[in-house]
Amino acid sequence: MLEAGVVPDAYTYTSLITAYFKVDDAEGAKQVLSDMEKKGCAPNLVTFNVMIGGLCRSGLLDDALSLLKAMPGQGFTPDRYTYTILIDGFCKHRRSREATALLDEMFKTGLNPEQITYTALLDGFMKEGDVDEAFRIKDLMVDRGLELKVPTYNVLIAGLCRIGDVEKANALLKEMTVVGTSPDTQSYNPLIEEYCRKQDMVKTPNKMEEARLYLVEMLEKGFKPNEYTYGSFISGYCKAADMLAAGRFFMEMIDCGVVPNGVICTTIIDGHCKGGDVGEAFTVVKVMLERQVLPDVQIYGLLIQGLSKNGKLKEAMEVFSELQEKGLVADIFIYNSVISCLSKLGKLADAFQLLEDMGQRCVNPNIVTYNTLINGLCKLGDVVGARKLFDGISARGLAPNRVTYATIIDGYCKSGNLGEAFHLFDEMLSVGVEPDSFVYSALIDGCFKEGNVKKALSLFNDMVDKGFASTVSFNAVIGGFSKLGKLSEAENLVEVMVDRHIAPNHVTYTILIDYFCKAGMVSKAEDLFVKMQQQNLTPNVVTYTSLINGQSRAGNRLKAFAAFEEMVGRGIEPDEVIYSVMVDAYCKEGDLIKAIELVDELLVKGFSMSEDVYNDLLATLCGKVSFPEILTVLDKIGERKPKLSVTTCSTLVCGFAKAGSMEKAEKILESAVRLGWLPVSTVLSDFYEGQIGGHKNDPGELL
């Protein structure tokens, strides 16, 4: 422009100043103003206003004020806009008292402030918590004949809601109607948000109901909820763990064409993950992608964490791989979640590789990272490796915390190295890290394993005296006494727990039930089973397994069968152990139909059958019943059930073949084909060649 001989004017310079402020370069803008004056181009009122506005946004309030004072010397009188942007700037930087002085100066120069000027002041005082001064300004507006408009009321309502005064905010909302000012969506949003926020502090459904009543009022007046409205409800219901309601608002938001932002998506995904419904979390991600809202690192982190907590470790690793494929950089929280997944899967080599990857990507591991790796090593029995990692923590500028010490102490106790565990316990105390109930419980358990009851009780009493004995620590002592056969002492401790207002849990009773059954005192175990339910404690699959195994061993198999049916009826999923117990019980009872059906159910679910149970089933099939009876059993199963799985058929055929009864194996195969459980073309050699059941050479190998 200069090379072409075109002389910049005030408009050009002002545009350049605006550009510098847009890129947050206040110094560049000030230099342009200086150059402008040096080149003889006089700034105009617009130039001064642009400079003052830019300086205010940059936080350079004193520079802006100096420029205001310099204006008269250059022949310019500040106008209402000049004062308004200055007042707004001072209020936004929590200097509202000085802004009031500028308002007074406006009056003295004969300028009447507009609604927007007063509203800026009101907003400033409300954000600073000076409600009295804000309402004094409001009264001043009324005294000067100004009619309060919606933005002014909205500022006051929002400010009152921020300090929790919803009663006064509601009064203002009603005042708007009285004076003939119609509220809008922004008038209702702060009240809705505050009630939804209070749901986090007051665990009652009333808060969300009150928020909903404001929504109803909004809709009745024809105001449409916006992103902010929906976000408040979704957040509130997520805090209340009512994910059905949160989901309804999310889908309504989508149906109304309101695109959810990243914060809303993150909130509802987090809520679904915490509630254990990772499937719904992925549904939200799908909706995001359909609306072209791309998941960020935080959302990937929530999905990984949610999958990991719900036992879907492989799926969590797949999400992590997708994150990396998209070129996103994982943060420390995601790395820790993934390292935790790998540790739980026993893939410690991959976990340590990820630790190296963190260093290459300049993501510094924290103590949680090391605690996770130490825990993984201890669970694999590699206490030496865990100790090596523990000893290297300080070299990385980190200090072991309570979890670090607790993890490695527990590892030493489980590996039988109680001496080193107590050495670390002493070190823990010397560096000022206070042990918790987990540390004591680990040491107590270790002492009981070594038969050192005196030391175990000394630690336990020390815990009790310090006031942090917990259910976990009591369980450790109850388990210790039970293992030593001191069941009376173990049971008495439950009463001690109750006296000290420490609630026994299902683990407490499961320990006792298990050991009373092992001691042959099944009747006592059954009494405890009833007692725990009277205390609103629900037995889990481990509890049922202990009781059913005890009943079966005691010859009370009808009770065992009834207990199993009760468990399934309660929706408790059987595991590999209880399936094995039940197959054994049905074999001993001579009920081959139920035994084979349970074997089928077990194998279809991907569980493996223990060698003892397999041998028991085979012994029953080969020795305890006649072969024609076995074929009759298969026919009866065919009548009751559409088909047995290929794996179960393979188990039966291979079992007889392995026992040397090839003719019987052929007969079983013929029945399986006839009943439609195996293809018509199947022959016995298929089992040896691995074409049926996926096993080669050894027909018994699949077991």
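**A walk through an all-helix chain list**

S437 is buried, with a relative accessible area of 18%, where anything under 20% counts as buried. This serine sits in helix α25, which covers residues 437-449. Leaving aside residues up to four places away in sequence, S437 touches M463, F468, S470 and S473. Keep in mind that what you're looking at is a predicted model.

Now move along to helix α31, where you'll find Q551. Here the relative accessible area is 4%, so Q551 is buried. Its set of contacts, again skipping residues up to four places away in sequence, takes in V522, E526, N556, R557, K559, A560 and A563. There's also a link back along the chain: C517 lies 34 residues from Q551 in sequence, yet the two C-alpha atoms are separated by 7.6 Å.

With those two spots in mind, step back to the whole chain. The secondary structure comes to 39 helices and 0 strands. The radius of gyration is 37 Å, whereas the globule rule gives 27 Å for 703 residues; the value is well over the rule, so the chain is more spread out than a compact globule. You can put dimensions on that too: along its principal axes, the C-alpha trace spans about 115 × 65 × 60 Å.

What about the inside and the outside? Of the 703 residues, 49% count as buried. The accessible surface of the chain adds up to about 34,200 Å², and carbon and sulfur atoms account for 52% of that. As for how the chain meets itself, take the contacts between residues at least 6 apart in sequence: 58% of them join residues at least 24 apart. On the charge side, there are 72 positive and 94 negative side chains, and the centres of these two sets lie 2 Å apart.

Next, the cysteines. How many disulfides does a search of the whole structure find? The count is 0. C238 is a good place to see why: the closest cysteine sulfur to its own is the one in C273, and at 11 Å that's too far for a bond. A disulfide would need the two sulfur atoms within 2.5 Å. Looking from the other end gives the matching picture, since the closest cysteine sulfur to that of C273 belongs to C238, at 11 Å and too far for a bond. Are these two cysteines buried or exposed? C238 has 16% relative accessibility and counts as buried, and C273, at 7%, counts as buried as well.

Finally, a bit of backbone geometry. Most residues other than glycine have a negative phi. H501 has a positive one, near 60°, and it isn't a glycine. Where does H501 sit? Look in the loop between α28 (487-499) and α29 (506-518). This histidine has a relative accessible area of 77%, so H501 is exposed.

N536 is another case: its phi is positive, about 60°, although the residue is not a glycine. You'll find N536 in the loop between α30 (522-534) and α31 (541-553), and α31 is the helix that holds Q551. At 70% relative accessibility, N536 counts as exposed, whereas Q551 is buried at 4%.

Technical notes:
Residues are numbered from 1 along each chain as its sequence is written. This is a predicted model: local features need pLDDT of at least 70, side-chain atom pairs count only at pLDDT 80 or more; totals for chains, interfaces and linings use all residues. Side-chain values use heavy atoms; hydrogens and water are left out. Buried means under 20% relative accessible area, exposed over 50%, partly exposed in between (1.4 Å probe, protein chains only). Helices (H or I, at least four residues) and strands (E, at least two) are DSSP runs, numbered from the N terminus. The radius of gyration is taken over C-alpha atoms; the globule rule is 2.2 Å times the number of residues to the power 0.38. Contact means heavy atoms within 4.5 Å. Accessible areas come from the Shrake-Rupley method with a 1.4 Å probe; for residues, only the protein chains shown count as cover. Lys and Arg count as positive and Asp and Glu as negative; His and the chain ends are not counted. The place of a charge is taken as NZ of Lys, CZ of Arg, CG of Asp or CD of Glu.
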